[in-house]
Amino acid sequence: MSDPVDICQLELCRAESRVKYEHLIQVNDPNDPAITPLTRTQLWNGLLVRTENPEDFVYGLDSMRVRTRGEGFMERELHFGTHIINDLVKFIVNESVHYSIEPSPEFPASHLHIHIEEPGLEHLFLRFSYETVTVDGAEYEDFVKQAYFESDLDTVQRIRALAANGLLD
């Protein structure tokens, strides 16, 4: 029987690292009249749309099917081509959405927590907190963090567009 260290030295396995990443995106800026402010309700409704219609927010997602739904949660099946990801979404109304992706042979478990923060009148922010496992090192982690940030900026832009069309009131 081979020593596990010897197997890893033969590059038959890779070390996993847990990546935790968090960033804050300003939604309203009372000092910038060019930005139409969103209400907390519009922002919350936009996050619900992101959960109910993720195909409009998540690049590469072909379809979503709700497996079960209950008070404050939803279990979904996400279809990316031939790959299927199952997740659990938990809600705290007007405060936060938490996505937990179930581990599978193809994908590790991961978590996304989106929290609405309102430190002052007309000041709205979204805090995005990620936790996932990677196996490809620091360069890949930096790429993943940048991709998360760009995706979250896009989420806020899409929510703004929905609000501008009167779909979130």
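**Largest pocket**

I began with the largest pocket of this predicted model, and I noted a volume of about 1200 Å³ for it. Of the 32 residues that line this pocket, those closest to its centre are Val58, Phe80, Ile101, Ser110 and Tyr148.

I then asked which elements each supply at least two residues of the lining. My list reads strand E3 (73-80), strand E4 (83-92), strand E5 (96-101), strand E6 (110-120), strand E7 (123-134) and helix H3 (138-164). The largest share comes from H3, which contributes 7 residues to the lining of the largest pocket. By residue class, I recorded 21 nonpolar, 5 polar and 6 charged residues in that lining.

**Ile101**

I picked out Ile101 as one of the residues closest to the pocket centre, and I placed it in strand E5. Is Ile101 buried or partly exposed? Its relative accessible area is 24%, and because buried would require a value under 20%, I entered Ile101 as partly exposed.

Beyond residues up to four places away in sequence, Ile101 touches Ile85, Asn86, Asp87, Pro108, Ala109 and Ser110. For one of these partners, Ile85, I also looked up the backbone separation: the C-alpha atoms of Ile101 and Ile85 are 7.1 Å apart, with their positions 16 residues apart along the chain.

**Largest nonpolar core**

Next I turned to the largest nonpolar core, which has 27 residues, and I found that Leu43, Leu47 and Leu126 touch the most other members. Two or more residues of this core come from each of strand E1 (17-26), helix H2 (40-52), E4, E5, E6, E7 and H3. H3 gives the most to this core, with 6 residues.

I followed Leu47 further and listed its contacts outside the four neighbouring places in sequence, which are Val97, Tyr99, Ile114, Ile116, Leu126 and Ile159. Leu47 is also among the buried residues of H2, together with Gln42, Leu43, Trp44, Gly46, Arg50 and Thr51. As a check on the geometry of H2, I compared its reach of 18 Å from first C-alpha to last with the 18 Å expected at 1.5 Å a residue for its 13 residues, and I noted that the two are close.

**Arg160**

In helix H3 I looked up Arg160, which has a relative accessible area of 21% and is therefore partly exposed. Its contacts, leaving aside neighbours within four places in sequence, are Val27, Asn28, Ile35, Thr36 and Leu38. I also recorded that the C-alpha atoms of Arg160 and Leu43 are separated by 8.4 Å, although the two residues are 117 residues apart along the chain.

**Positive phi values**

Which loop holds Asn94? I found Asn94 in the loop between E4 and E5, with a positive phi of about 60° although it is not a glycine. Asn94 is partly exposed, at a relative accessible area of 30%.

I made a similar entry for Glu122, in the loop between E6 and E7, where phi is near 65°, again a positive value in a residue other than glycine. At 45% relative accessibility, Glu122 counts as partly exposed.

**Whole chain**

Last, I noted the overall layout: the protein chain has 3 helices and 7 strands, and from the N terminus on they run α-β-α-β-β-β-β-β-β-α. Buried residues make up 33% of the 169 residues. Among contacts with a separation of 6 or more, I found that 45% join residues 24 or more positions apart.

Methods:
Residues are numbered from 1 along each chain as its sequence is written. This is a predicted model: local features need pLDDT of at least 70, side-chain atom pairs count only at pLDDT 80 or more; totals for chains, interfaces and linings use all residues. Side-chain values use heavy atoms; hydrogens and water are left out. On a 1 Å grid over the protein atoms alone, a cavity is a set of points where a 1.4 Å probe fits but cannot get out, and a pocket is an open set with protein on both sides within 12 Å along at least five of seven lines; lining residues have an atom within 4 Å of a point. Grid points are joined across faces, edges and corners, and a volume is the space filled by probe spheres set on the points. Helices (H or I, at least four residues) and strands (E, at least two) are DSSP runs, numbered from the N terminus. Ala, Val, Leu, Ile, Met, Phe, Trp, Tyr, Cys and Pro count as nonpolar, Asp, Glu, Lys and Arg as charged, and the others, Gly among them, as polar. Buried means under 20% relative accessible area, exposed over 50%, partly exposed in between (1.4 Å probe, protein chains only). Contact means heavy atoms within 4.5 Å. A nonpolar core is a set of buried Ala, Val, Leu, Ile, Met, Phe, Trp, Tyr and Cys residues joined through side-chain atoms within 4.5 Å. The expected span of a helix is 1.5 Å times one less than its number of residues.
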